[in-house]
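Biologist: Could you take me on a close look at one part of this model? I would like to hear about a single helix and what surrounds it.

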Amino acid sequence: MTVRTTTLTSAPPLTPLLLRGAALSPLKRRVHAGAQLPGVRLLLPGARTDAGRLAAYAGICGFPAGTALPLTYPHILGFPLAMRLMADRAFPLPLLGLVHTRIEIVRHGPALTSSDRPEVAVHAEELIPHRRGTEVVVATEARLGGELVWESRSSYLARHRTTHDVPREDAPATGPLPAVAEWRVPGDLGRRYGAASGDRNPIHLHPLTARLFGFPRAIAHGMWTFARCLAEAERTGGPADGARAEFRAPVLLPADVTYAATTAPDGTRFELRSGDRVHLTGETSALRA
């Protein structure tokens, strides 16, 4: 597939993209077997970090204050581009109802800082049959001076009827990780994280808007659960240059959750759970010398 690059002059505003994606979603409810991804790569030269939003993000997620960008923060810089890609008419999956199922991040070299102006690019990499529908893999990359400094792969699931004979991928039965910390997640977390990240999806903002999409209460952003666990993993196990997570069940707000983890020289395995329900599992890779 030929991929053309579209260069943007600024990060697109998220609210109009969400409205556009919502309006087009009913036209995409039936995902055809021969669906193809748009052959476009969105490029934003000189992405800027707002110092106030970075400070709010770090505070909400538990990262130390400072000018260094947390490992997850370039995802925030690339998210408007990903939204524009997925809200486009040519994108084959409905934006409404897409479920973030997993993410993997790798940093190459030192952390970006708030004064850096990286080139950020986003493209849809592949469509994957899933036992509950179809997954799309969205790749985000950040470069400085032409050198790749950060990259991620996010998978999003569109649920629909399918004849895909795809086996369920269960996690290895290793038993629960030991509890490390208990967190009280407040009811307004979705609004606070949405203000810091720009992701104001209505399922996160208020019980009334969440009920429109089948949730009894507002749910925490999956990327907040990942970032909060990563911040704790780095605080107790040391800096990381890579991390991955699988999002297993939403956190209904407010909530009391348990952060559980085990640390080894090569990184930290962690999970977030409430009772017997596991919301997220993941691991970090230790910072290379």
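Modeller: Happy to; what follows starts from helix α3 and works outward to its surroundings. Please keep in mind that this is a predicted model.

Let us begin with the core. Helix α3, residues 73-87, gives the most to the largest nonpolar core, with 10 residues. That core has 74 residues, and those with the most contacts inside it are Tyr57, Phe226 and Tyr259. In general, nonpolar side chains in soluble globular proteins tend to be buried together.

Tyr259 is a good place to see how the core is knitted together. Leaving aside its neighbours within four places in sequence, Tyr259 is in contact with Ala179, Val180, Ala181 and Trp183, with Cys229, Glu232 and Ala233, and with Thr268, Phe270, Glu271 and Leu272.

Helix α3 also borders empty space. The structure holds one cavity of 30 Å³ or more, and about 50 Å³ of space lies in this largest cavity. Its lining is made up of His75, Gly78, Phe79, Ala82, Val138, Thr140, Ser152, Ser154 and Tyr156. The elements that give two or more residues to that lining are α3, β5 (133-144) and β6 (147-159), and the largest share, four residues, comes from α3. By class, the cavity lining has four nonpolar and five polar residues, with no charged ones.

The second largest pocket is lined by α3 as well. About 400 Å³ of space lies in this pocket. Of its 22 lining residues, the closest to the centre are Ala11, Arg48, Arg53, Ile76 and Pro80. Two elements, α1 (14-24) and α3, give two or more residues to the lining; the largest share, four residues, is from α3. Charged residues do appear in the lining of the second largest pocket: by class it has 11 nonpolar, seven polar and four charged residues.

Next comes a helix that packs against α3. The buried residues of helix α4 (residues 189-197) are Leu189, Gly190, Tyr193, Gly194, Ala196 and Ser197. They lie on the same side of α4, because they cover an arc of only 165° around its axis. These buried residues pack against α3, and also against α2 (51-61), β7 (179-185) and α6 (222-237). After α4 comes Gly198, whose phi is positive, near 90°.

To finish, here are some residues from strands and loops, beginning with Thr284. Thr284 lies in strand β11 (residues 277-286) and counts as buried, because its relative accessibility is 11%. Not counting residues up to four places away in sequence, Thr284 touches Leu230, Ala233, Ala240, Gly242, Ala243, Asp266, Gly267, Thr268 and Phe270. Ala233, Thr268 and Phe270 are also among the contacts of Tyr259.

Pro265 sits in the loop between β9 (255-264) and β10 (267-274). Pro265 is exposed, with a relative accessible area of 83%. From Pro265 to Ser285 is 20 residues in sequence and 9.1 Å in space, C-alpha to C-alpha.

A loop residue can be buried too, as Ser114 shows: it lies between β3 (99-107) and β4 (119-130), and its relative accessibility is 17%. Not counting residues up to four places away in sequence, Ser114 touches Thr49, Leu54, Thr67 and Leu69.

Note on methods:
Residues numbered from 1 in each chain as written. Predicted model: local features only at pLDDT ≥ 70, side-chain atom pairs only at ≥ 80, totals over all residues. Heavy atoms only, no water. Core = buried A, V, L, I, M, F, W, Y, C linked by side-chain atoms within 4.5 Å. Buried < 20%, exposed > 50% of the residue type's maximum accessible area, 1.4 Å probe, protein only. Contact = heavy atoms within 4.5 Å. 1 Å grid on protein atoms, 1.4 Å probe; cavity = no way out; pocket = protein on both sides within 12 Å on 5 of 7 lines; lining within 4 Å. Points joined across faces, edges and corners; volume = space filled by probe spheres on them. Nonpolar A, V, L, I, M, F, W, Y, C, P; charged D, E, K, R; others polar. Arc of directions from axis to C-beta.
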